[in-house]
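Please look over the sequence and the three-dimensional structure before reading on. The report then takes up one topic at a time.

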Amino acid sequence: LFADALETYKKQGITACMVRACLARATVCMGLKDDAAMERDILFAYQLDSSDPEAAFRYASMMIKSENFDAAILTLEGLLGRGLRCGVELFLSQCLDRRNSNGDRKRAIELLRNRLKDLDKEEPELRAEYLATLLDLERQTQGVETALKTIGDSPEGIVSSELTMALKGEVFRRSGNKPEAVMAAKESLSRIKPETTIQDKRRIATLLQALGMYKDALELWKVIVQPEYIGKDTYRIVECAHQCEDVTFITQFAGKIRANGLWERKLFDLEVYYREKYNDDKGAMKVLEEFLRNPPEQSYAPYVRTRLSHLGIRTGNKSLIETDPARLPTVRDVDAKVGRIVALVLRHGPEPIRGVEYAYELVRLNWNQEEAHLAIIESILAPVGPTVDIKHPEETVAPGIAVQYEEDDTRELHWHIIENSVVSEPESSRNEFPIDHPISEEMVGKKRDEHFHLAKDGIQ
């Protein structure tokens, strides 16, 4: 559809319409997570008409994403003085702040101050972001007092009184004055009225959360965040609820998210964690099994099977324990903590020796991690669970065996491990050597008390 429209506009020579069509298609591509196609359309639109404000904004954003600050700033500078919205100065100032070359922040402050008188024509959210950016730049370059003076001198009605206190609290917080920041945050919270906008509540909640006032922040987030979508606010409310250990809210909110067909891994894990922590095993089992019936993230299914199997081991419900090792995470795909659980699950499977083998590879990959060493100890010596049949060393040296040998002349004892792992390379500092190492080759096939050459030369 967009391609047909572009072709039509091209034949008619209507550049403005071509720009709009390109930018509209770029938005669709962004929704489809096709970044390459999105960037091609934005670039084409900008090349068609670099003076088009929307094309310039989108192009500058693309340059910022690739950290090409010079190109972004040059693009936005070309939009100044054209009577456009204050968003031009705001975006340009933020770019200057991020580049932070000599004089950039001073220039950013000048730009923002020059348009303060025009802020009353802008949307409330832009006004708030505009002032917050100016105040932080002033705080960094001219000190807290200058920033506070700007708040006091701002045109009346530019932002609400509750947001004014929140902005003041943010200045104090960023300057390291937590007591003053907390006082301002509390005052801001007390000024909230029924007509206070969602945008203002969001800024106040964000400040409260940054100050560790999680309970107050959570109550505000409950008003703002709905389980119909997943965005930045979703993560904020979940973090607050986690800090407050509001288990009822977490489990109910997570249930609504799932009921709406949405998936968020962190929230899923948190719900399962709290259900297990407070002995709601049936609830945890239901959540895990619901995921596995129709996994919204296939790559996560092996981990969820591990969690469900672990729950089965803990509750004595053997029917929950995964019996196919191929359906569990590979040792390369887990950290030591999760790997320890996988080794336990394998130990309770039909071939307990697989738990030992898994734990062995885990400790090789995570030598400095305590959880990995605990996994290998538990896989062999745990007093509960299936008995593992460990094979006794062969009389004949073969790959995978650790050999102790004694030098004939010095009587020194040494260990030599012929490592045949397919997961990780031998580590000589741990006396591990590959099969094709000269000493390994000399040893293979030898029996106990037989001799071999450490090295062969003309004298020998």
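The sections below treat overall form, nonpolar cores, cysteines, the sheet and selected loop residues.

## Overall form

The model described here is a predicted one. The protein contains 22 helices and three strands. Its radius of gyration is 32 Å, well over the 23 Å that the globule rule gives for 460 residues, so the protein is more spread out than a compact globule. Along the principal axes, the C-alpha atoms occupy a box of roughly 95 × 60 × 55 Å.

Of the 460 residues in the protein, 41% are buried. The protein exposes a surface of about 25700 Å², and carbon and sulfur atoms supply 51% of that surface. Among contacts with a separation of 6 or more, 51% join residues that are 24 or more positions apart.

## Nonpolar cores

In soluble globular proteins, nonpolar side chains tend to be buried together. In this model, the largest nonpolar core has 74 residues. The residues with the most contacts inside this core are Leu 119, Tyr 130, Trp 221, Ile 237 and Phe 253. Helix 8 (residues 124-142) gives the largest share of the core, namely seven residues.

Which residues does Ile 237 touch, not counting those up to four places away in sequence? The partners of Ile 237 are Leu 218, Trp 221, Lys 222, Val 225, Phe 249 and Phe 253. Apart from the largest core lies another core, of 32 residues, which includes Ala 301, Val 304, Leu 308 and Val 342.

## Cysteines

The structure holds zero disulfides. Why is Cys 17 without a bond to Cys 22? The cysteine sulfur closest to that of Cys 17 belongs to Cys 22, but the distance is 11 Å, which is too far for a bond; a disulfide would need the two sulfur atoms within 2.5 Å. With a relative accessibility of 28%, Cys 17 counts as partly exposed.

Cys 95 is likewise in no disulfide. The nearest cysteine sulfur to that of Cys 95 is in Cys 86, 16 Å away. Cys 95 has a relative accessibility of 1% and therefore counts as buried, since the limit for a buried residue is under 20%.

## The sheet

Strands of a sheet pair through backbone hydrogen bonds, either parallel or antiparallel. Here three strands form an open sheet in the order 1-2-3, with mixed pairing. Strand 1 and strand 3 stand at the edges and have a single partner strand each, so one side of each is left without a neighbour in the sheet.

Strand 1 (residues 402-406) pairs with strand 2 (residues 413-418) in the antiparallel sense, over five bridges. Within this pairing, Val 403 has His 416 in strand 2 as its bridge partner, and Tyr 405 stands opposite His 414 in strand 2. The hairpin of strand 1 and strand 2 has six residues between the strands, and Arg 411 in this hairpin takes a positive phi near 65°. Strand 2 and strand 3 (residues 432-433) run parallel and are joined by two bridges. The bridge partner of Ile 418 in strand 3 is Phe 433.

## Selected loop residues

Two further residues have a positive phi. Asn 100, a residue other than glycine, has a phi near 55°. Asn 100 is placed in the loop between helix 6 (87-99) and helix 7 (104-114), and its relative accessible area of 40% makes it partly exposed. Glu 245 is not a glycine either, yet its phi is positive, at about 50°. Glu 245 belongs to the loop between helix 14 (232-244) and helix 15 (247-259), and Glu 245 is partly exposed, with a relative accessible area of 35%.

Leu 80 lies in the loop between helix 5 (69-77) and helix 6. Is Leu 80 buried or partly exposed? Leu 80 counts as partly exposed, at 21% relative accessibility, because a buried residue must be under 20%. Leaving aside residues up to four places away in sequence, Leu 80 touches Val 88, Glu 89, Leu 92, Arg 107 and Leu 111. One of these partners, Leu 92, is 12 residues from Leu 80 along the chain, and the C-alpha atoms of the two are separated by 9.5 Å.

Key. Residues are numbered from 1 along each chain as its sequence is written. This is a predicted model: local features need pLDDT of at least 70, side-chain atom pairs count only at pLDDT 80 or more; totals for chains, interfaces and linings use all residues. Side-chain values use heavy atoms; hydrogens and water are left out. A nonpolar core is a set of buried Ala, Val, Leu, Ile, Met, Phe, Trp, Tyr and Cys residues joined through side-chain atoms within 4.5 Å. Buried means under 20% relative accessible area, exposed over 50%, partly exposed in between (1.4 Å probe, protein chains only). Helices (H or I, at least four residues) and strands (E, at least two) are DSSP runs, numbered from the N terminus. Contact means heavy atoms within 4.5 Å. The radius of gyration is taken over C-alpha atoms; the globule rule is 2.2 Å times the number of residues to the power 0.38. Accessible areas come from the Shrake-Rupley method with a 1.4 Å probe; for residues, only the protein chains shown count as cover. Two strands pair if DSSP finds at least two bridges between them.
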